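Visitor: I am new to this structure and would like to learn how to read it, one feature at a time. Could we begin with the space enclosed inside it?

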Amino acid sequence: MEALAPMADIWLGLSQAFWLVITFDAELMEITLRSLMVSLSALVIASAIALPLAALLAVRRFRWRRWVIAILNALMGLPPVVVGLIVYVVLSRSGPLGVLGLLFTPTAMVIAQVIIIVPLIASVAHQALRDLWSEYHDLLISMHVTQGQKVATLLWDARRALLTASLAGFGRAIGEVGAIMIVGGNIDNVTRVLTTAIALETGKGEFALALGLGFVLIGLAIAVNLSIHALSRTEVEARW
């Protein structure tokens with residue numbers, strides 16, 4: 001009978017978590033919406049930086065180009081906690097940007113996520129744009145278009161592949177916990193997001209809410225991966 005008690009607790013936690021999700025529990029929805037706000041903001045900013053950079057690296061040849069590409073690829077594996085530590089030091093009261101008072105705010109979390117996902121989006125996008133540039137190179141050169149027009153053409157014609165790169169960045173951002181915990185502080189009703197709330201509620205033994213948040217996070221991850229898969233198939237069919 002004692003062995004059945006933990007199983008009963010697990011099933012109770014799962015049923016409560018499922019109920020929280022289907023009834024749109026206020027706390028769960030608040031944390032989810034804050035997570036989406038932070039990650040989507042970071043995604044927009046990171047894409048605005050990474051996509052033009054990737055296109056520029058594809059069309060322009062300069063002395064340190066290979067080094068820049070190598071650094072971007074290397075930064076894809078940068079530990080998020082290191083990013084969080086760097087942002088914390090910069091935004092802390094004794095740091096160079098401490099006067100702005102951004103530490104332990106959603107803005108600090110956005111900054112950390114932008115730094116984390118820019119290399120990922122830029123590297124994935126560069127691979128797609130490099131292949132497209134090899135097809136467009138002779139045509140665009142013969143038309144004597146400007147560098148900006150080359151970049152704009154590549155970005156438009158590779159928009160499906162670039163959206164895939166951005167979705168990959170969003171998946172990385174929404175699941176981030178280390179850097180977010182450091183710079184956000186996991187403050188209730190201010191900076192608590194899905195990943196940090198799951199860690200907190202699990203530590204408190206509140207498995208129902210932790211599992212409910214986990215269900216939402218898994219759902220978002222599945223939705224992102226299905227979107228990437230669908231866009232990849234569409235891109236392949238469009239080429240054929």
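Guide: Let us start with the general idea: a cavity is a set of grid points where a 1.4 Å probe fits but cannot get out, and its volume is the space filled by probe spheres set on those points. The model before us is a predicted one, and in it the largest cavity holds about 40 Å³ of space.

Visitor: How many cavities of 30 Å³ or more does the structure hold?

Guide: The structure holds one cavity of that size.

Visitor: Which residues line the largest cavity, and which element gives the most to the lining?

Guide: A residue belongs to the lining when it has an atom within 4 Å of a cavity point. Here the lining of the largest cavity is made up of Ser-35, Val-38, Ser-39, Gln-113, Ala-173, Ile-174, Glu-176, Val-193, Leu-194 and Thr-195. Helix H2 (26–59), helix H7 (159–174) and helix H9 (194–204) are the elements that each give two or more residues to this lining, and H2 gives the most, with three residues.

Visitor: Let us stay with helix H2 and take one residue, Ala-58, which lies in it. Is Ala-58 buried or exposed?

Guide: The idea is to compare the relative accessible area with a cut-off, and a residue under 20% counts as buried. Ala-58 has a relative accessibility of 1%, and therefore it counts as buried.

Visitor: What is Ala-58 in contact with, leaving aside its neighbours within four places in sequence?

Guide: With those neighbours set aside, Ala-58 is in contact with His-126, Leu-129, Arg-130, Trp-133 and Leu-154. One of these partners, His-126, is 68 residues away from Ala-58 along the chain, yet the C-alpha atoms of the two are separated by 6.4 Å.

Visitor: What share of the contacts in the chain with a separation of 6 or more comes from residues 24 or more positions apart?

Guide: Such residues account for 75% of those contacts in the chain.

Visitor: How should I describe the chain as a whole?

Guide: One can begin with its elements: the chain has ten helices and zero strands. Its C-alpha atoms fill a box of roughly 80 × 50 × 30 Å along the principal axes, and 42% of its 240 residues count as buried. Turning to the surface, the chain exposes about 13,300 Å², of which carbon and sulfur atoms supply 69%.

Visitor: And how many positive and negative side chains does the chain have?

Guide: The chain has 16 positive and 15 negative side chains, and the centres of these two sets lie 17 Å apart.

Notes. Residues are numbered from 1 along each chain as its sequence is written. This is a predicted model: local features need pLDDT of at least 70, side-chain atom pairs count only at pLDDT 80 or more; totals for chains, interfaces and linings use all residues. Side-chain values use heavy atoms; hydrogens and water are left out. Helices (H or I, at least four residues) and strands (E, at least two) are DSSP runs, numbered from the N terminus. Buried means under 20% relative accessible area, exposed over 50%, partly exposed in between (1.4 Å probe, protein chains only). Contact means heavy atoms within 4.5 Å. Accessible areas come from the Shrake-Rupley method with a 1.4 Å probe; for residues, only the protein chains shown count as cover. Lys and Arg count as positive and Asp and Glu as negative; His and the chain ends are not counted. The place of a charge is taken as NZ of Lys, CZ of Arg, CG of Asp or CD of Glu. On a 1 Å grid over the protein atoms alone, a cavity is a set of points where a 1.4 Å probe fits but cannot get out, and a pocket is an open set with protein on both sides within 12 Å along at least five of seven lines; lining residues have an atom within 4 Å of a point.
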